[in-house]
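Q: I'm new to this structure and would like a close look at one part of it. Please take me through it slowly.

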Amino acid sequence: MAIMLFIYLIIRLVIEKKEFLNIYRMICLLVSFLSILNVLFCPGNQKRGISEMTHWFPTFDHLSFWDKLLIQLDNIASNLIVNHNLMGIFLLLLLARAVQKRQSLSIILSGLAIMLSKISESLISKPLDTIVKHSSGKEFNYNITSMLLAPSLIFIIILGLVVFIIILLYGKSSKSLIAITSLGTTFATGMSLSLSPTLLASEDRPLLFLYFVIIFNCVVLLDDMIEFNKNKDKIVVKKISE
């Protein structure tokens, strides 16, 4: 939560610049930064981290930073695409909104993102399941992480497409800003767990904020589509009456 708040405030600072600078927000920024430092350097947290690593992932320190990022990236992808299919629902709603607005490029990109998510389903689960199975043992085959590269690249492309489609649909508006920053902030929070040996043992609990944000954006898309149809019906009724 400290990381989420810190990233959110930094984004607000970049966007608002001088308007951001008031006592309350600066205190929030300072508190969130100190909270992150506390997690990183507090001796009690370090001891807890050692005990958790011994129990959950004994060879965690032998993994490279890149390997840890790959594991957590695929862990998030697996939960969003395979386990809960929230990404699939969100992409379908983006496609429906693109069709409603008759934006050809958005339709093509949404279709491409859906196709890539279906391809990634078969690539994610098996290597990630293997890592989960062997993570608690003292023997760990580090070559397994190389199998995560392809699904990771696909997932990154999907995320890039989502951002681009939102910009195409809403332009430089408050809706696109809220959607992109909320998704980006909560995703970054989930990725920060790649530095913890409990990145797999925690399952999808650290991703709850990301789930809420995706559901929120799905609701916004549905509301926009309903409002669009209402306005369209009003125009039709008005033309008939004339």
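Does R102 count as buried or exposed?

A: R102 counts as exposed, because its relative accessibility is 69%. The cut-offs are under 20% relative accessible area for buried, over 50% for exposed and partly exposed in between, with a 1.4 Å probe and protein chains only. Before we go on, please note that this is a predicted model, in which local features need pLDDT of at least 70, side-chain atom pairs count only at pLDDT 80 or more, and totals for chains, interfaces and linings use all residues. Residues are numbered from 1 along each chain as its sequence is written, and side-chain values use heavy atoms, leaving out hydrogens and water.

Let's place R102 among its neighbours. R102 lies in the loop between α5 and α6 (104–134). Helices here are DSSP runs of H or I with at least four residues, numbered from the N terminus. The phi of R102 is near 60°, a positive value in a residue other than glycine.

Now look at the loop between α4 (65–83) and α5, where N85 sits. N85 also has a phi near 60°, again positive in a residue other than glycine. With a relative accessible area of 31%, N85 is partly exposed.

Between these loops runs helix α5 itself (residues 86–101), and R97 belongs to it. R97 is buried yet has no salt bridge, a term that needs a side-chain nitrogen of Lys or Arg within 4 Å of a carboxyl oxygen of Asp or Glu. For R97 the nearest side chain of opposite charge is D224, 4.6 Å away. In counting charge, Lys and Arg are positive and Asp and Glu negative, while His and the chain ends are not counted.

What surrounds R97, then? Leaving aside residues up to four places away in sequence, R97 touches L169, Y170, L221, D224, M225 and F228. Touching means contact, that is, heavy atoms within 4.5 Å.

Another residue to find in helix α5 is I89. I89 counts as partly exposed, because its relative accessibility is 42%. I89 and C218 are 129 residues apart in sequence, while their C-alpha atoms are 7.9 Å apart in space.

To recap this part, R97 of α5 is buried, I89 is partly exposed, and R102 in the loop after it is exposed.

Terms used:
Helices (H or I, at least four residues) and strands (E, at least two) are DSSP runs, numbered from the N terminus.
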